[in-house]
Amino acid sequence: MNTTPSTSSKTEPACYEVRRSTIHGNGVFATRDIEPGEQIAEYTGERISSDESAVRAEAGGGPVNHTFFFSLADGMVIDGGCGGNDSRFINHACEPNCEAQEDEGRVFIYALHPIMRDEELKYNYALIYEERHTPAVKKAFECRCGAPTCTGTMLAPKKRKRAKAG
Ligand SMILES: [Zn+2]
């Protein structure tokens, strides 16, 4: 696949580019040192319902296509695979150097730690997958980040309904 380093459409030059990753497929790498707390990118894409995201994942060949979906607090989903930018190539890791934060329905990627030039950017997807977490599903969402604390999955633990006061 031919991946050209991307330039942001914004005025500031992007501090990252897409390259081949040792974790999985394409990854996103810092092109300069990045300070903790720095806003790196907005996670963009088409805004769709979670029902529509399920339809699209099915059409795309299965649950693994969820990795381009970002679930929002209001139940909507950003489909980074449709109209999204290079931030959709940021890989999942169990010990990430970035984090995704939702702000008024928009999602931004921030640096958690000092990031060195040429370091791969990673955040914890904590993917929400409502269907049963069968062995096949777990395999599709397998994490290969290599961290000592790796949980082996990109999926967030399923929420259990508990009558527990906050
Ligand atoms: Zn991991």
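**A four-cysteine zinc site and a three-stranded sheet**

The zinc ion takes its protein donors from four SG atoms, those of Cys94, Cys143, Cys145 and Cys150, at 2.2 to 2.4 Å. The model is predicted. In sequence, the donor residues follow the spacing C-x48-C-x1-C-x4-C.

Next, the geometry. The 4 donor atoms subtend angles of 105 to 112 degrees around the zinc ion, so the arrangement is tetrahedral. The criterion asks that all angles of four donors lie between 85 and 135 degrees. For four tetrahedral donors, the ideal angle at a metal is 109.5 degrees.

How do the donors sit with respect to the surface? Take two of them. Cys143 has 7% relative accessibility, so this residue counts as buried. The cut-off for buried is under 20% relative accessible area. Cys150 has a relative accessible area of 26% and is therefore partly exposed.

Now turn to the strands. Strands of a sheet pair through backbone hydrogen bonds, either parallel or antiparallel. Here, an open sheet of 3 strands runs in the order β3-β9-β8, and its pairing is antiparallel. Its edge strands are β3, residues 39–43, and β8, residues 98–103; each of these pairs on one side only. On average, neighbouring strands of this sheet are turned by 30 degrees against each other, with direction ignored.

Look at one pairing in detail. Strand β9 covers residues 106–111 and runs antiparallel to β3, with 4 bridges joining the two. Which residue in β9 is the bridge partner of Glu42? That partner is Phe108.

Terms used
Residues numbered from 1 in each chain as written. Predicted model: local features only at pLDDT ≥ 70, side-chain atom pairs only at ≥ 80, totals over all residues. Heavy atoms only, no water. Donors = N, O, S within 2.8 Å, 3.2 Å for Na, K, Ca; no water. Tetrahedral: all angles 85-135°; square planar, octahedral: opposite > 155°, others 65-115°. Buried < 20%, exposed > 50% of the residue type's maximum accessible area, 1.4 Å probe, protein only. Pairing = 2+ DSSP bridges. Axes fitted to C-alpha atoms, helices over the stretch in contact; angles between N-to-C directions.
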